[in-house]
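Q: I have a structure open and do not know how to read it. Please take me through some of its features in turn.

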Amino acid sequence: MIVNYGVGNLASIFNMLKKIGVPAVIGNTQQQVRDASKIILPGIGHFDYCMQELKKSDFYDTLHEKVLNEKVPVLGICVGSQMLMETSEEGNEAGLGWIKGKVKKFQKDELPSDHKIPHMSWSDVHPKGNQPLYEGIDQPRFYFVHSYYIDPADGADVTATADYGRPFTASVGHGHIQGVQFHPEKSHRFGMQLYSNFAQRF
Amino acid sequence: MLLIKGDGLVKSVQFKNHKYVGDPINAVKIFNDKEVDELAILDISASAKGKGPDIKKISEIASEAFMPVSYGGGITTLDEAKTVLANGIEKVVLNKSAHERPELITQIANAFGAQSVVVSIDVKKTMWGKYKVYIENGTKNSGLDPVEFAKQCEKNGAGEILLNSIERDGTYKGYDLDLLKMVGNAVNIPIVACGGAGSLEDFRAAVKEGKASAVSAGSMFVFQRPHNAVLISYPTQKQLVEQIYSQV
């Protein structure tokens, strides 16, 4: 189930799942969240705006219950992955806090001068060890658009890194809770494999 | 870079002599298979006819595009931008609207982030050799200096500039490196070079010498020279790494 709280590129994710034959619904009701066997949490734009919109939805509590109590696998995409964290330098809203840590802003002076913010490009992604999400993906490359990056408190929650003038966390994972900073739905065959891994291996 | 005119895909030379190159959906499918990094789709008939973006067509194209896609053509309101972005498009491209209603850049940037709004700037040299921004598909001189206009767009919240040289369009003569440098030095947002690509060497030069953040090409990817027969092609990742990424 792709969570629809009014934010994010739901159509792109849905299109890719359809392309790889994974049955999906775009949902915005409590019942749909209750029925979900797997959850994709998209997000785009401002962290605070995304959190506010999600908190406004009437399935917000159900979502927590599904993920924390029933341990239903969840995959956060882009700002959706940042929302899994506790706080963000982009705003004051609390994140979901499902993974310990925060979201930080790329600082201009820590990047080479020709590295503009936002980081908006394809980048090589380096999975840490054998990550089920990246299984079968040879030399993974994904499309990124972000000015902020996830920074988990526990290094063990980093599932992959990428480089943008400096290394940063490209994805996080803590068991059934996974988040990717990039856009798999816009990363053709790499993304198809990643979504298919999420559907089959979690 | 794909241009739509009416229902078909076309390619121009110096913004004129549009040649039909095929069906948009079919082309997008081929570019998918070739693992293209990004697509920009501009409907050059939308603004001219005064109609808004054709959402049905855009959504159809987006549903086949598993790479980042920008769309431009006929967007004049925040609502239209919102609908385009909700239909599987990552970035909206403004051209005429960036002149007529610069506040739209700001509105889109505030609502969806600066990364979702691209301003395309079409530039041509006047008879006196001065670069000027042209509008209405390159037919009308706005009188504006591209450097000043680009700075203004950045200030208004644009996340990216698609810098198009009208004279180089469809000529395979290479990008206008002077123009790229001039505008690139004046703004902090990424500049995408457009107009004139004929080879991977041109890409390299635009990035290395022109300091462009990215490059785009139209004719080079849809035509086969010397006779400009329609044949969609795209370099492999290996070629790109060896001939560009490792050289810049």
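The turns below go from the whole chain to strands, a helix, the core and the contact between chains.

Q: What kind of model is this, and how is it numbered?
A: This is a predicted model, in which local features need pLDDT of at least 70 and side-chain atom pairs count only at pLDDT 80 or more, while totals for chains, interfaces and linings use all residues. Residues are numbered from 1 along each chain as its sequence is written, and chains are lettered from A and ligands numbered from 1 in the order in which they are written.

Q: How many helices and strands are there in chain A?
A: Helices (H or I, at least four residues) and strands (E, at least two) are DSSP runs, numbered from the N terminus. Chain A has six helices and twelve strands. Its radius of gyration, taken over C-alpha atoms, is 16 Å, close to the 17 Å that the globule rule gives for 202 residues, so chain A is as compact as a globular protein of that length. The globule rule is 2.2 Å times the number of residues to the power 0.38.

Q: Which strands pair with β12(A)?
A: Two strands pair if DSSP finds at least two bridges between them. Strand β4 (residues 74-77) of chain A runs parallel to β12(A), with four bridges; here Gly76(A) has Gly179(A) as its bridge partner. Strand β11 (residues 167-174) of chain A is antiparallel to β12(A), also over four bridges, and Ser171(A) stands opposite Val180(A). β11(A) and β12(A) make a hairpin with two residues between them, and Gly175(A) in the turn has a positive phi of about 60°.

Q: Which residues of helix α3 of chain A are buried?
A: A residue is buried if 20 or more other C-beta atoms, placed from the backbone, lie within 10 Å of its own. In α3(A), residues 47-56, the buried ones are Phe47(A), Tyr49(A), Cys50(A), Met51(A) and Leu54(A). They pack against α4, α5, β5 and β6 of chain A.

Q: Which residues have the most contacts inside the largest nonpolar core?
A: In soluble globular proteins, nonpolar side chains tend to be buried together. A nonpolar core is a set of buried Ala, Val, Leu, Ile, Met, Phe, Trp, Tyr and Cys residues joined through C-beta atoms within 7 Å. The largest one here has 137 residues, and those with the most contacts inside it include Val92(B) and Ile161(B).

Q: How many residues does each chain give to the contact between chains A and B?
A: Two residues are in contact if their C-beta atoms, placed from the backbone, lie within 7 Å. Chain A gives 19 residues and chain B gives 19 residues.

Conventions. A residue is buried if 20 or more other C-beta atoms lie within 10 Å of its own, exposed if 12 or fewer, and partly exposed in between; C-beta atoms are placed from the backbone.
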